[in-house]
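Here is a short report on one protein and its ligand. Keep the structure in view as you read.

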Amino acid sequence: MATRHKSPKAETDQRRGTEIQAPKGKLGVMIPGMGAVATTFVAGVEAVRKGLAKPIGSLTQMGTVRLGKRTEGRSPKIKEFVPLASLNDLVFTGWDLFEDDMYTAASKAGVLERSLLDQIKPFLSTVKPRKAVFDQNYVKRLDGTNVKKGKNKLDLAEQVRADIREFRKSSGATRLITIWCGSTEVFLQPTAAHQSVKAFEKAMLANDEAIAPSMIYAYASLMEGVPFANGAPNLTVDLPVMQELSKQNEAPICGKDFKTGQTLIKTILAPGFKARMIGLNGWFSTNILGNRDGEVLEDPGSFKTKEESKLSVLEHILQPDLYPELYGHFTHKVRINYYPPRGDNKEGWDNIDIFGWLGYPMQIKVDFLCRDSILAAPLVLDLVLFLDLAKRSTELKGLGIQEWLSFYFKSPMTAPGLYPEHDLFIQSMKLKNTLRHLRGEGLITHLGLEYYD
Ligand SMILES: NC(=O)c1ccc[n+]([C@@H]2O[C@H](COP(=O)([O-])OP(=O)(O)OC[C@H]3O[C@@H](n4cnc5c(N)ncnc54)[C@H](O)[C@@H]3O)[C@@H](O)[C@H]2O)c1
């Protein structure tokens, strides 16, 4: 017999929400790669804690979530709606092949003003890099001395695990998160070595070149039950072995490649064109940047990894298969130019050739004078807090990939066989609906017919 009601179980689950442990004690944030993004994030957290600045750009700190009908007027702050760790409970460590502490590294990165850095110098100078797992074959333009030595890659992974355990103990943290803010590694593709934990461990013992340093940190974290987020376009956790470990050890994963600057704008504009059935002939994007990231990306191997990540966005948003007349033949080019005078202040130029009614062409030019690390730092904060939430949630912690965090990435991870959602607004709705679901609130569909009954 047809019924208009949901199953009783679904209704109860929906009302009750799911179990989430309270965020008691300190949350330890571990960062491989203490460069521009990492130092801007940590310095920013401390500046906010001291009341020196505001956490602009962070959804967890500034965002709200609408609950119930539009007439109910319920829009709590996200941080009051779900139990997130407080900024005061964050403690930090990191790894880098350069020996600079966070104050020195932040000064060299040149993102934040000296006057701000000096006010938080005592705190920033205490965050010193642990020795890195590094191999120049994977990042050609860097060479540093603060590097671990080991018999093989498994031995290096054991050393990272020992670092994690040491930090857990010395910091007194009750929970830990790892977030990769290290350089972009050369382009790699999955091989047999990445297909299972057993194969991966065997390959590490044999020093298989398919295993990049970022994967060693990821393996070590997941083995220790620590969630891992990947801010670079490297494969890192986008591999069956990591998904297996993540589920097995209830350590959520997400990635990859922070969605900032040019790609952020692209994923804001492209859904708008598609919504209005405006055609696209071409999109030419060029970047001018002068920070260390730009220098690393001068290497063709690292650039290829970044290019793949940046290129996939339009194909997925515009769905040429569904709209061949509008999006079947567009040209998409992305260039990155290392230009030292610009430092971290990137210029992202976009020339967009669109066409409208009867095929008439038009052009849009976007010149985004952005600040890369200023855009990335709040994403790091949100990812840290949301991954910790996922780890404390009975429903999310065993799922492996946290697709609801796609909002933050250029190349979001999905379950095998699913295409990724790149549209920023779908991603935002997915994230907020996940939070509503966790707290047993009704999901928002924006149907709204009930207001006209
Ligand atoms: N800033 C953004 O908007 C943005 C957006 C998307 C992705 N990213 C990615 O985030 C990463 C960090 O960017 P950034 O601007 O801070 O770069 P950066 O060069 O300033 O910092 C990266 C740091 O990682 C270190 N590093 C490299 N390999 C390492 C290893 N194996 N172990 C430990 N440390 C290692 C480097 O020494 C460097 O200090 C890059 O991969 C970049 O592509 C940045």
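## Ground rules

Helices (H or I, at least four residues) and strands (E, at least two) are DSSP runs, numbered from the N terminus. This is a predicted model: local features need pLDDT of at least 70, side-chain atom pairs count only at pLDDT 80 or more, and totals for chains, interfaces and linings use all residues. Residues are numbered from 1 along each chain as its sequence is written.

## Around the ligand

Four elements each supply at least two residues of the shell around the ligand: α2 (36-49), β2 (90-96), α13 (292-296) and α16 (372-392). The largest share, four residues, comes from α16. A residue is near the ligand if its C-beta atom, placed from the backbone, lies within 6 Å of it. There are 36 residues around the ligand, and G33, G35, A232, T260 and R292 come nearest.

By class, the shell has 21 nonpolar, 10 polar and five charged residues. Here Ala, Val, Leu, Ile, Met, Phe, Trp, Tyr, Cys and Pro count as nonpolar, Asp, Glu, Lys and Arg as charged, and the others, Gly among them, as polar. Domain 1 (13-258 + 374-438) and domain 2 (262-369) both give residues to this shell, so the shell lies between them. The domain bounds come from an automatic or database domain assignment.

## The nonpolar core

A nonpolar core is a set of buried Ala, Val, Leu, Ile, Met, Phe, Trp, Tyr and Cys residues joined through C-beta atoms within 7 Å. Buried means that 20 or more other C-beta atoms lie within 10 Å of a residue's own; exposed means 12 or fewer, and partly exposed is in between, with C-beta atoms placed from the backbone. The largest core has 107 residues, of which I179, I216, V380 and L383 touch the most other members. α16 gives the most to this core, with 12 residues. Both domain 1 and domain 2 contribute to the core, so it lies between them.

Buried residues make up 45% of the 453 residues in the protein.

## Backbone details

The peptide bond from G255 to K256 is cis, with omega near -10 degrees. K256 sits in the loop between β6 (253-255) and α12 (261-275).

Where is E250? E250 is in the loop between α11 (240-248) and β6. Phi of E250 is near 50 degrees, a positive value in a residue other than glycine. E250 has 17 C-beta neighbours inside 10 Å, so E250 counts as partly exposed.
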